[in-house]
Amino acid sequence: MANRGAEQVEEAVAGAVAVLRSAVERDWGGVRAGRCEWSCRETAQHIAQDLIVYAGRLAGRVQDTYRPFDVVVDDSTDNARVLQLIEAGGVLLTATIRVTPPRARAYHPRPYYSANPEGFAALAVGEVLLHTRDIAEGLGLSYEPPAELAESVLTRMFPHIQPGPEHWPTLLWATGRGELPGRAPVTEWDWYNNLVLPTDRLTLEGLTPAAAADLRLGGDGGYDWVADGPYDGTREAAGMLVKAYEAGVHRPEWGVFVLVRREDGKAVGGMGFHGAPDEEGRAEVGYDIAASARGQGYATEALRALSEWALARDDLKSLVATIDHDNPASQRVVARAGFRRATVEEERTVNEERDAVEQGLRLYVLTREA
């Protein structure tokens, strides 16, 4: 899956500037930008600031709230030069995205405190599209970006939102700027970067709906896989994620994670949940590792990290894993990760809730108290 983040930032900025340039002679400072509390001029300056700050954070791999750049616009600066500043910010960010390794991450506060180049691109496109719309609404201009740009923002920054029949109206609704038939108005919202969990040798990267869709169709999901990856189980799990997203029941933190080897950036496998915790506070975890990466402890290391993160949450009481009776290697993985063999009663309960007994499977359990 080719990362078109830089090109999308360029397209979004070019479209915004083209629309706003038609109104540079207007008074932007005295007009409110749509539903924002800012004026149109303040909103335009905010777009430029976002682009420049994102470029600085990503280029410097900043991991905290430090802002390496800021934008201060003199009151005497006219609207045309503010647009030039937006264009300059777009150039800085697209250049930074192009030269930054795809697995590099830098600080962004929503909600897991980091984003990779693809994430910063999606954030920037979202800021440009939405705030250009705010300014256009305030100035009475017509503006609608390409549907592909809106879709990219939705699948990357709103993975918990069910897609609607059209991408742009859905994005406006998801950010409290519009209405969708059959859906309640949105009064609070925020960006959603994917969860990333580091271990000594791996990084567990939450799979976005866009990446999952590519994996399901035989692509690489934007990852550099070892020669024999990804394994079939990862593609199947990606398909399940896409179905959950399309149905509006996907909870990203309870989705699929790609296991990326830190020493060389190669993806070696997948691990994740079969869904969010049920009413009993129980969730099921599964995983697979490419054959060439097996026997090196990656699955155990990843499972320990994912289990520790999950069991620290209030909505989970126990994790379960079902493993083939004739798969001793996988049984050893869960045992080393702290799971125990389920009791007969626990297996019976789980099987009854599934409405079928899966023959040849063993159930392993890890609880918060363990």
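**Briefing: helix α7, strand β2 and the α1–α4 contact**

In helix α7 (residues 209–216), the buried residues are Pro209, Ala211, Ala212, Asp214 and Leu215. The model is predicted. The points below take up α7, then strand β2 with its partners, then Phe257 of strand β4, and finally the packing of helix α1 against helix α4.

**Helix α7**
- The buried residues of α7 pack against three elements: α5 (147–157), β3 (224–225) and α8 (232–247).
- Gly218 follows α7 and has a positive phi, near 100 degrees.

**Strand β2 and its partners**
- Strand β2 covers residues 202–206, and five of its five residues are buried.
- In a regular strand, side chains alternate between the two faces of the sheet.
- Both faces of β2 are covered, with Leu202, Leu204 and Gly206 buried on one side and Thr203 and Glu205 buried on the other.
- Strand β1 (residues 196–198) runs antiparallel to β2 and is joined to it by three bridges.
- Within this pairing, Thr203 of β2 lies opposite Pro198.
- Three residues separate β1 from β2, and the two strands form a hairpin.
- β2 also pairs with strand β4 (residues 256–261), in the antiparallel sense and over five bridges.
- Arg261 in β4 is the bridge partner of Leu202.

**Phe257 in strand β4**
- Phe257 is located in strand β4.
- Phe257 has a relative accessible area of 0% and is therefore buried, the cut-off being under 20%.
- Beyond its neighbours within four places in sequence, Phe257 contacts Leu195, Leu204, Glu205, Gly206, Gly269, Gly270, Met271, Gly272, Phe273 and Leu306.
- Among these contacts, Leu204, Glu205 and Gly206 are buried residues of β2.
- Phe257 and Gln8 are 249 residues apart along the chain, and their C-alpha atoms are separated by 25 Å.

**Helices α1 and α4**
- Two packed helices are described by the angle between their axes and the distance between the axes.
- For α1 (residues 5–21) and α4 (residues 117–139), the angle is about 15 degrees and the axes are 9 Å apart.
- The two helices are therefore roughly parallel, since angles under 35 degrees count as such.
- The crossing of α1 past α4 is left-handed.
- On the α1 side, the contact is made by Gly5, Gln8, Val9, Ala12, Val13, Ala16 and Leu20.
- On the α4 side, Ala121, Ala124, Val125, Val128, Leu129, Thr132 and Ile135 make the contact.
- The residues of this α1–α4 contact comprise 11 nonpolar, three polar and no charged.

Notes
Residues are numbered from 1 along each chain as its sequence is written. This is a predicted model: local features need pLDDT of at least 70, side-chain atom pairs count only at pLDDT 80 or more; totals for chains, interfaces and linings use all residues. Side-chain values use heavy atoms; hydrogens and water are left out. Buried means under 20% relative accessible area, exposed over 50%, partly exposed in between (1.4 Å probe, protein chains only). Helices (H or I, at least four residues) and strands (E, at least two) are DSSP runs, numbered from the N terminus. Two strands pair if DSSP finds at least two bridges between them. Axes are lines fitted to C-alpha atoms, for helices over the stretch in contact, and angles run from 0 to 180 degrees between N-to-C directions. Angles under 35 degrees count as roughly parallel, over 145 as roughly antiparallel, 65 to 115 as roughly perpendicular and the rest as oblique. A crossing is left-handed if the near helix is turned anticlockwise from the far one by less than a right angle, and right-handed if clockwise. Contact means heavy atoms within 4.5 Å. Ala, Val, Leu, Ile, Met, Phe, Trp, Tyr, Cys and Pro count as nonpolar, Asp, Glu, Lys and Arg as charged, and the others, Gly among them, as polar.
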